[in-house]
Every structure is written in structure tokens, then in C-alpha cells.
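Reader: I am new to reading protein models. Could you walk me through this one and tell me what the terms rest on?

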Amino acid sequence: MTTDIAAPSAPVRRGSRRRRLSPQRVLLHVVLVLSAITMVMPFVWMILTSVKTPAELAQFPPTFLPETWDWSNYPRALEAAPFLTYFRNSLIIATGHTLITVVFGAMAGYALARVQFRGRELVFLGFVAMLMIPTYTKIVPQFLIVKFMPLFGGNDILGQGGSGWLNTWWALLIPGGLSPFAIFLFRQFYLALPKELEEAARLDGANEFRIWARIYTPLIKPAIATVSLLTFQESWNNFLWPLLVTSRDDLRVIQVGLAVFQQEGNTQWAYLMAGTTLATVPMVLLFLFAQRYFIQGFTHAGIK
Amino acid sequence: MTHTLSNRLQQPDVLETGSAGKSRRPRKKLSHARSQRRAGWLMLTPALIHTGLWIAIPVLATLVLSFTDYSVFQPPSWIGLTNYIEIWNDDVFRKATWNTVVYTFFTVPFSMAIAVVVAVFLNKKMRGRSAYRAAFFLPQVTATVAIAMVWLWMYNPQYGLFNGALAFFGIPGQAWLANPDWALSAVVLVGIWQGIGLKMLIYLAALQNIDENLYEAAAIDGASAVRQFFAITLPMLKPATFFVFVVSIIGAFQVFDLIYVLTNGGPANATTMMTYEVYRSAFQNFRMGMACAQSVVLFAFLLILTVVNRRLTGGDEV
């Protein structure tokens, strides 16, 4: 952004300053500011609500700014529901998914991009086909596989008798751990690198894993950042899967925790909004600090 | 490339002593190919197992189970097309299909239209550009559940922001989500708001690829900014539009979190969706076979829409 503002040469600068003063420019900014406020308003309203007192929330019409900024809603919300546990669970799962995806996704992406072997194109097409499968076309059997996972949760070797992976970390961590989308992205990134490096390394006798880990992967660090952020965000925001496979409070992720808290009747809006803020703020911060990688990821995913 | 290859091939020979020299080269090449093949499959193994177990098998299982009656507690029994016949005659699922179509064809075009305009605005060098972009993109990075909670609160009939704002202008409020006439519109509004960011971003990237000279030529010919938008920008964005449309439809058809939090499909099924019916069949009524059949129908809709759209917009030329 700074590069955008600091235009290189003087004449251009003068030109842009003159343009900025034109009524068209002003109008453009007015329109953009108003629509940006509309976009951000729910987030503002969320934070404002989270610091209002119950008495103030019961007023109609509602006040816009809080009369008193009651930050004690946050500790009280944490007492009303174990939001910190939910938060921790979400953090563990999102981190786990990211690690699994980066290691195995990058490995598979590398193999599909740079290693020569017969059947590679077919495997790649297979992954692309899997990429197109909507969530709901696989969710029921996924649940059944978890439920009948042999030798877990009291199940016998045929998967009967117990609860399998239901209500375990396995169910939260493994099925969502690796997406064909990540593999696809990694392949695209590896494909863009020059070929000379691998040839040199191969003939020096380095094995494929070494070439992958030591030579190519360090070159796609920005790509790793992008895939990690997308995976982390996706995992943090996921709702349906953790809802299906967990019912224990200590395994709940924050999105499910919010929904449960809201449905437990008699919603205390200030606490709910405090919890929602907790669920939202990490993603907002992550996005603001790593905007470049997010945008690269989303557009890369889009255009290629 | 071959040049480097042959250079490299010769190097080891220099180092190796006599007999191991030239005669070993073909064999070495062969073993390279073999070790590559082995390494390639080895590196793919975790991904193949994972994708096979959690995607390929489930998709096939969905198809098979859709012809069964299966309650989890008893083994599945084959019932042929009975589930599909029931779906065909099921008013609730019809309603859900209709709602899904309405939701999709209101949210997608509206947020696409907003997104393309915003992208054109933001494609200029200006102060605060990345701040504007972030504002539009924020709903895309935050969880749908969290967002839906906030909208639920804003739609609250007694204390909500909407009714408060309406009261300010002397307009009586509504129980937006509890009124069958309003509930779907209320959900659609959230969908539009949430969907702008990603579409805007893809359009922004596509705009970068449009040749500036086109606009300069048009400006010399005296074309207005609006004229330029319709004569140059929109046609040049056609591939991006096709892509955005397909991706957005696939996304919108799978709306679930929003419904779960805002309305639970109610009131009187006014906002239930195909996905929500799949969820209800499988995890509230424990009719796994029925849920699978419903999700096959959902999948068929997505396939047909993608193909039709490809034909209509000439997407296959891209």
C-alpha cells in the first residue's frame, strides 16, 4: 500500500494530487467509505454489544455507543461458558490441520509437480475430481467411518459395539487434516520453479525427499504461508464437522460452543457477543497482519 | 535443459575411477527413473490414503447408501429407488430445493454485481485502498457461525439494531427471522453481505490483466467511464465472471451454518435448505439412506448448473 501512495516521479504525483481533489474522486471516496462502514458495521456492533450492561441492552431503541464500557462482560462470559476451553480446542485443531496439510500436502504437491513417474497425470486428475466433491456428498459416510472406526472407542475389529472415533481428538484432527485443494495449490507453486535445480541435485545423488525438503520447499516459503493461513482459517471457522462428531463440552470448538451457548435458552447477548468476539478476533488479526498472503491465496486459487 | 543434464552426467565420471566410468551411465539413469518412481509414490501415499478414505470411499458410499434404508442401529437394507421416490413427493424437500435455488439466485448475482463495481473502484491507485479492500473482505475470513450470531442479534425483534434504526425513522419493526414472509430475505441479505469479499478479490485480480491501452483508446474516442465499463471492463471480465459464478453457486448451494444459527430452517420451513434437510435426515431422524439420496440430488443440481453455465457463458473457450 505504501508503494501505491508513494508514486515514483514528481509529475505523476502532481497529477494524482490534482485528481484527488476532483469532485469525482471525493464522491468515489464518500461511496467507498459509506459502503465500507456498512460492511464493517456488524463487527462494530458485535464489539459494542459485548461491553454494554444488561440494563442497557434491554432498552429500546438501542443505544449506539455504550453508556458505560463494561469490560467485565468478558470475564463473566468466560464463567458462563468455558469459552477458553473452546478457544484452546479450536487453536489445537487449526494448528494440527495446518501442520498435517503443510507436510503431507506439500509432499504430494511436489510429487505431482516435479517427480517423473507413470500414472502421475492420472493421480493428479483424481485429486482434481475429489476437489469438486461437495461437502454434503461425503459427510454421511465420513460420519459412519468415524463411528465404526475399528478398535477405537470400544469397537471390535469390525467396528461394532462402541463409538469409534466419536468424541475423540482423532475425529477432529484426522478427517479434515488434508484437503485436495491444498495439494492442488502446492502443485501449482512447485510447478512454477525452475527445473535445473532438481536435475543438478538428483545427479549429485540426493534422494527425492532431500530435494523436496532442502531445495524446493525453502523456495516456496510464501506459498507455505498462504496455504497455512487458508488451512488455519478454514479449520478455525469449521462448524458442521465438529458439531457432528463431538458432544462433550471439553472437546467443543469455539464455533460449536457459541451455537450451543446461544441455544441454551435465555440468551445473554452481552456474553454471547463477548464469545463471538473471541471467535472472530484471531481471524481478523491474522487477516490484517497477513493480508498479502491471504489475498495471494484466494486469487491464486481463483485464477489458476 | 538437456545441456545441463549432459554436463551433470559427465561430472561423476571425472571423479570415479576407471572401470565404473562410461558403462555405468545407462544403468544409473535407469535406477534414477526407478528411484524417482518409488519416491513419487511414497510421497503421494499419505495423501492418497487420506483422500481415498475420507473422500473417494465416502462419495461411492453415498451413492450406494442412497438406495438403502439405514438407521445406523440396524444394518442397511436395499430398497431400490424408494428414497428418491419419497424425495420427489416430499413437500418439505421440494420447499428446501426451492429455497436453495431462491437463496442462490438472489445472493450470487447481487453480490457479484456489487463486487464488480467495488473492484473497478478499487482498481485505481488511491489513498486507503487496502483499508477498503480489507473492509469488504473481512466477512470472508471470519466464521459464518460467529457472523450469523451477530446478525441474529441485529435482527432481534425487541432490541435489535434494525428495528432500532427503523424506529428512528418512525417505521414499525419486524420479527424478521420469525416472519415467514421476511425470513428468507433476511437470510439472503446476510448471504449477499458475506459473499462480496471473495468475488471482489477475484475480480480485482482479473482487472489487473486488462490492457490499459484499451481504456486509453476508448478515452481518446470520447467514451465515458460508464461506457468504458460496459464496453471494455465487463466483456474482458467474462472468464472471471464465469469462474466467480460457478464457485459462488457451489458455495451458495451449500449454505448451512447460516441457516443453523439464524432460523433452524423455520419458520414453517420458510428457510430450510437442501443441506439442512440432509442434516435433519441424517442426524436428527437417523435416516442415513435418505440423507445420502438427498445429497445425491444436491450434487446432481450442482453438476447440472455447472454444465449449463459453461454452455451459456461459453466458459469452455477459456
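Author: Happily, and we can start with the domains: chain A is divided into domain 1 (2–74) and domain 2 (82–303). This is a predicted model, in which local features need pLDDT of at least 70, side-chain atom pairs count only at pLDDT 80 or more, and totals for chains, interfaces and linings use all residues. Residues are numbered from 1 along each chain as its sequence is written, while chains are lettered from A and ligands numbered from 1 in the order in which they are written.

Reader: What makes these stretches of chain A domains, and how far apart are their centres?

Author: The domain bounds come from an automatic or database domain assignment. The C-alpha centres of domain 1 and domain 2 of chain A lie 33 Å apart. Their contact takes 9 residues from domain 1 and 7 residues from domain 2 of chain A; two residues are in contact if their C-beta atoms, placed from the backbone, lie within 7 Å.

Reader: Which element gives the most to the domain 1 side of that contact?

Author: That is α3(A), with 4 residues. Helices (H or I, at least four residues) and strands (E, at least two) are DSSP runs, numbered from the N terminus. By that rule chain A has 17 helices and 0 strands.

Reader: How do you know how chain A compares with a compact globule?

Author: We use the radius of gyration, taken over C-alpha atoms, and a globule rule of 2.2 Å times the number of residues to the power 0.38. For 304 residues a compact globule would be near 19 Å, but chain A has 25 Å. The C-alpha trace of chain A spans about 75 × 70 × 30 Å along its principal axes.

Reader: Why is helix α15 of chain A called largely enclosed?

Author: A residue is buried if 20 or more other C-beta atoms lie within 10 Å of its own, exposed if 12 or fewer, and partly exposed in between, with C-beta atoms placed from the backbone. In helix α15 (residues 254–263) of chain A, 8 of the 10 residues are buried, so this helix is largely enclosed by the rest of the structure. Its cover includes α16 (269–289) of chain A and α12 (257–262) of chain B. Over the whole of chain A, 41% of the 304 residues count as buried.

Reader: What makes helix α13 of chain B mostly covered?

Author: The count does: 9 of the 10 residues of α13(B) (residues 274–283) are buried. Among them are B:Y276, B:E277 and B:R280.

Reader: What is a nonpolar core, and how many residues does the largest one have?

Author: A nonpolar core is a set of buried Ala, Val, Leu, Ile, Met, Phe, Trp, Tyr and Cys residues joined through C-beta atoms within 7 Å. The largest has 161 residues, and B:Y203 is one of those with the most contacts inside it. The largest share of this core, 15 residues, comes from helix α8 (residues 183–207) of chain B. Leaving aside neighbours within four places in sequence, B:Y203 is in contact with residues including B:A115 and B:L237.

Reader: How many residues of each chain are in contact with the other?

Author: In this model, 79 residues of chain B are in contact with 83 residues of chain A. Helix α2 (residues 25–65) of chain B supplies the largest share of the chain B side, 23 residues. The predictor gives the complex an ipTM of 0.85 and a pTM of 0.85.
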